[in-house]
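Visitor: Please take one salt bridge in this model as a starting point and look at it closely. Then work outward from there to the parts of the fold that can be described in similar detail.

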Amino acid sequence: MKVLIVDDEEMIRNVLREYVEFEGNQAFEAADGMEAVKLCRDNDYDIILMDVMMPRLDGFSAVKEIKKIKDIPVIMLSARGEEYDKLFGFEIGVDDYVTKPFSPKEVMARINVVTKRHNQKEDTGDVVTFEGLTVDMAGRNVFVDGEKVDLTPKEYEILFYLIKNKGIALTREKLLYDVWGFDFYGDDRTVDTHIKMLRANLKEYRKFIVTLRGVGYKFEV
């Protein structure tokens with residue numbers, strides 16, 4: 001596994017590199033967001049560990065640029081643990097969020113969880129159609145009556161997860177756990193807000209996302 005470590009603190013890069021390589025992986029480094037974007041243009045990585053506060057180009061801005069060119073899972077590293085930062089990170093496609101100071105062993109555990117989840121997404125390469133709604137799992141494209149609709153990364157992940165578990169009742173807690181990450185400290189409103197936005201984008205095919213009162217949601221055709 002190829003891991004790109006992006007942090008302006010050399011000591012942190014060195015510690016993470018040591019643990020990444022100890023487990024038999026390859027580690028690559030960047031000292032700021034701009035350098036990370038350049039590396040991602042020319043190279044492929046299995047996952048990125050991205051610091052938030054960096055000179056020249058911060059972590060959030062770097063993730064936005066990287067997501068335009070490649071679908072690489074990202075774990076953010078930050079000294080700030082505010083819920084707003086986490087929500088913003090997840091909105092732009094971040095897969096997990098670790099607050100400093102952190103345990104390198106914990107970071108490695110998160111890397112394994114995120115890469116496993118990402119690989120499972122890639123394994124599903126089907127194009128599925130439900131009436132006028134078409135979802136290209138591999139290409140991460142959604143079409144409503146033949147017209148492509150732009151979903152946020154999190155909206156797509158929710159839709160993908162609902163379709164993958166078609167006909168199964170999914171609690172809000174399970175959606176938070178499986179879509180946002182095992183340690184995300186959000187609440188039911190986070191799920192409800194994203195479902196509302198997703199439904200708006202699906203237009204008349206919002207009917208496939210059924211609300212289960214007091215439980216959560218399920219995808220039903």
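**A salt bridge and its surroundings**

Guide: Aspartate 7 and lysine 100 form a salt bridge in which the closest N and O atoms lie 3.0 Å apart. The two partners are 93 residues apart and link distant parts of the chain. Aspartate 7 sits in the loop between strand 1 (2-6) and helix 1 (10-22), while lysine 100 belongs to the loop between strand 5 (96-99) and helix 5. The model is a predicted one, and a search of the whole structure gives 16 salt bridges.

Lysine 100 has a second feature on its C-terminal side: the peptide bond from lysine 100 to proline 101 is cis, with omega near -5°. Proline 101 is placed in the loop between strand 5 and helix 5. Another loop with a backbone feature runs between strand 3 (47-51) and helix 3 (59-69), and arginine 56 lies in that loop. Arginine 56 is not a glycine, yet has a positive phi of about 65°.

Next come the hairpins. Strand 6 (residues 127-130) pairs with strand 7 (residues 133-136) in the antiparallel sense, over 4 bridges. Valine 128 is set opposite valine 135 of strand 7. This hairpin has 2 residues between its strands, and glutamate 131 in the turn has a positive phi of about 55°. Strand 7 also runs antiparallel to strand 8, the two being joined by 4 bridges. Here leucine 133 stands opposite valine 144 in strand 8. The hairpin of strand 7 and strand 8 has 4 residues between the strands, and in that hairpin arginine 140 takes a positive phi near 55°.

Arginine 140 leads on to the largest pocket, which holds about 470 Å³ of space. The pocket is lined by 23 residues, and those closest to its centre are Lys67, Asp71, Arg140, Pro153 and Tyr156. Sorted by class, the lining has 10 charged, 9 nonpolar and 4 polar residues. Helix 5 (104-123), strand 8 (141-144), strand 9 (147-149) and helix 6 each contribute at least two lining residues. Helix 6 supplies the largest share of the lining, with 4 residues.

Helix 6 (residues 153-164) also lies across strand 10, strand 11 and strand 12, and runs at about 70° to strand 12. These 3 strands form an open sheet, in the order 10-12-11, with antiparallel pairing. Strand 10 (170-171) and strand 11 (209-212) are the edge strands, and because each has a single partner strand, one side of each is left without a neighbour in the sheet.

On one side of strand 12, the pairing with strand 10 is antiparallel over 2 bridges, strand 12 covering residues 216-219. Leucine 170 has tyrosine 217 of strand 12 as its bridge partner. Strand 12 also pairs with strand 11, in the antiparallel sense and over 4 bridges. In that pairing leucine 212 stands opposite glycine 216 of strand 12. Strand 11 and strand 12 make a hairpin with 3 residues between them, and the turn includes glycine 214, whose phi is positive at about 75°.

Technical notes
Residues are numbered from 1 along each chain as its sequence is written. This is a predicted model: local features need pLDDT of at least 70, side-chain atom pairs count only at pLDDT 80 or more; totals for chains, interfaces and linings use all residues. Side-chain values use heavy atoms; hydrogens and water are left out. Two strands pair if DSSP finds at least two bridges between them. Contact means heavy atoms within 4.5 Å. Axes are lines fitted to C-alpha atoms, for helices over the stretch in contact, and angles run from 0 to 180 degrees between N-to-C directions. On a 1 Å grid over the protein atoms alone, a cavity is a set of points where a 1.4 Å probe fits but cannot get out, and a pocket is an open set with protein on both sides within 12 Å along at least five of seven lines; lining residues have an atom within 4 Å of a point. Grid points are joined across faces, edges and corners, and a volume is the space filled by probe spheres set on the points. Ala, Val, Leu, Ile, Met, Phe, Trp, Tyr, Cys and Pro count as nonpolar, Asp, Glu, Lys and Arg as charged, and the others, Gly among them, as polar. A salt bridge is a side-chain nitrogen of Lys or Arg within 4 Å of a carboxyl oxygen of Asp or Glu.
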